[in-house]
Amino acid sequence: MKISLKLNGVPRRFFTEPGERVRDFLERHGIVSVRNGCDGEGSCGACAVLVDGRLQNTCLLVTPQIDGKEIETIESL
């Protein structure tokens, strides 16, 4: 599946699996600030990023949910 998004201010297109978690997707594309702290339960916030300006835990999102969105990680600061 192909998705388009703005990652840290840069428009990008990616190929991904529909069920891939956003945390794994970002890590695979070189974003090292997202961590796996709670094993995907969403309770620790170690994988949090801004999705369209709202704080989201990426372990609870799958890649189709970020298609067309703007993602900001700590790397953008």
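How many helices and strands does the protein have? I counted one helix and five strands. Note to self: this is a predicted model.

**Order of elements.** Reading from the N terminus, I get β-β-α-β-β-β. I jotted down the ranges I need below: strand E1 covers 2–7, strand E2 covers 10–15, helix H1 covers 22–28, strand E3 covers 48–51 and strand E4 covers 54–57.

**Overall dimensions.** I checked the radius of gyration next. It comes to 11 Å, and a compact globule of 77 residues would have a value near 11 Å, so the two agree. Along the principal axes, I found that the C-alpha atoms fill a box of roughly 30 × 30 × 20 Å.

**Contacts along the chain.** I looked at contacts with a separation of 6 or more, and 43% of them join residues 24 or more positions apart.

**Inside.** Of the 77 residues, 31% are buried. I then pulled up the largest nonpolar core, which has 17 residues. The members that touch the most other members are Leu 5, Leu 7, Phe 25, Leu 26, Ile 66 and Ile 71. Two or more core residues come from each of strand E1, helix H1 and strand E3. As background, nonpolar side chains in soluble globular proteins tend to be buried together.

**Leu 5 up close.** What does Leu 5 touch, leaving out residues up to four places away in sequence? My list has Val 10, Pro 11, Arg 12, Phe 14, Phe 25, Ile 66, Gly 68, Lys 69 and Ile 71. Phe 25, Ile 66 and Ile 71 from that list also turned up among the core members with the most partners.

**Outside.** I get an accessible surface of about 4,500 Å², and carbon and sulfur atoms own 48% of that. For charges, I have 10 positive and 11 negative side chains. The centres of those two sets sit 5 Å apart.

**Odd backbone angles.** I went looking for positive phi outside glycine and noted Asn 8, with phi near 55°. Asn 8 sits in the loop between E1 and E2. Is Asn 8 buried, partly exposed or exposed? Its relative accessibility is 22%, and buried needs under 20%, so I logged Asn 8 as partly exposed.

I noted Asp 52 as well, a residue other than glycine with positive phi, near 50°. Where is Asp 52? I found Asp 52 in the loop between E3 and E4. At 44% relative accessibility, Asp 52 counts as partly exposed, because exposed would take over 50%.

Methods:
Residues are numbered from 1 along each chain as its sequence is written. This is a predicted model: local features need pLDDT of at least 70, side-chain atom pairs count only at pLDDT 80 or more; totals for chains, interfaces and linings use all residues. Side-chain values use heavy atoms; hydrogens and water are left out. A nonpolar core is a set of buried Ala, Val, Leu, Ile, Met, Phe, Trp, Tyr and Cys residues joined through side-chain atoms within 4.5 Å. Buried means under 20% relative accessible area, exposed over 50%, partly exposed in between (1.4 Å probe, protein chains only). Helices (H or I, at least four residues) and strands (E, at least two) are DSSP runs, numbered from the N terminus. Contact means heavy atoms within 4.5 Å. The radius of gyration is taken over C-alpha atoms; the globule rule is 2.2 Å times the number of residues to the power 0.38. Accessible areas come from the Shrake-Rupley method with a 1.4 Å probe; for residues, only the protein chains shown count as cover. Lys and Arg count as positive and Asp and Glu as negative; His and the chain ends are not counted. The place of a charge is taken as NZ of Lys, CZ of Arg, CG of Asp or CD of Glu.
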